[in-house]
Amino acid sequence: MSRSLRRGALAATAIVFSIASLSACGAGNDAQTLGVRPDNAAVSVDDVKIQNALVITQPDSTVKGPAVVSATVFNNGRTPQTLDAITLPGTKATVQLKAATGAGPITVPAGGSVIIGGKGNASATIENGSEAAKVGDAQQVVFKLSKTGDVSLEAFVVPATSYFKDFGPVEVPKPPGATPTASATATPTGEAAHGDEDDHGSGH
């Protein structure tokens, strides 16, 4: 189950710097990526280290739609591992994994790393994200790797705004009422009615 965090705003601010650093260097095994020292959720188990873990929801709290898990997975071992699953214990959430190439499993290379979330990276989409996590909470997230097994931590839940926007859900539904309003503006009922009257008038 998720639990409310104290000092949520301060924690989110700390996350910003880690996210900004990763977006600048991208995925890979370079010194800049490996040198990140985040203040947010991170854990190490055997050869695997996971850091910058976040659950990123829709930018508008009134919108129901998918959320995502964003994180960086490091493999300090001599053999590659695959990320077989991500689960959110205490919820009914289903997380769909997708490699950066769009095919095959998410592979964490030996001595390398994989960024999950963001354009051009692997993705982990929470289908029923609005039900699984609430902004301001810490949600337990379990990464299941082929050799290391389950690696668990608690990730901050933040909306896809500001620095988190580029790492949030690709699918962003419109807020309730947004579509009808847009349609009404595009083809105003009043103008259509006046047009009909003019047509009738010109016919007489």
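**Exercise 1.** Find how many residues line the largest pocket of this predicted model, and which of them lie nearest its centre.

*Solution.* Start with the count: 23 residues line the largest pocket. Next, look towards the centre of that pocket, where S123, T125, G168, P169 and V170 lie nearest. Now ask which elements give two or more residues to this lining: they are β4 (67–75) and β9 (123–126). Then sort the lining by class, and you get 11 nonpolar, 7 polar and 5 charged residues. Finish with the volume, which comes to about 390 Å³.

**Exercise 2.** Now over to the second largest pocket: work out its volume, its lining and the classes of the lining residues.

*Solution.* The volume first: about 200 Å³. For the lining, begin with T57, Q58, D60, S61, V63, K64 and G65, then add G129, S130, A133, K134 and V135. Split these lining residues by class and you have 3 nonpolar, 6 polar and 3 charged.

**Exercise 3.** Take K64 from that second lining. Where does K64 lie, is K64 buried or exposed, and how many residues apart in sequence are K64 and G129?

*Solution.* Place K64 first: you'll find it in the loop between β3 (48–57) and β4. Next, check accessibility: K64 has a relative value of 71%, and the cut-off for exposed is over 50%, so K64 counts as exposed. Last, pair K64 with G129, which also helps line the second largest pocket. In sequence, K64 and G129 are 65 residues apart, while in space their C-alpha atoms are 7.7 Å apart.

Notes. Residues numbered from 1 in each chain as written. Predicted model: local features only at pLDDT ≥ 70, side-chain atom pairs only at ≥ 80, totals over all residues. Heavy atoms only, no water. 1 Å grid on protein atoms, 1.4 Å probe; cavity = no way out; pocket = protein on both sides within 12 Å on 5 of 7 lines; lining within 4 Å. Points joined across faces, edges and corners; volume = space filled by probe spheres on them. Helix = DSSP H or I, 4+ residues; strand = E, 2+ residues; numbered from the N terminus. Nonpolar A, V, L, I, M, F, W, Y, C, P; charged D, E, K, R; others polar. Buried < 20%, exposed > 50% of the residue type's maximum accessible area, 1.4 Å probe, protein only.
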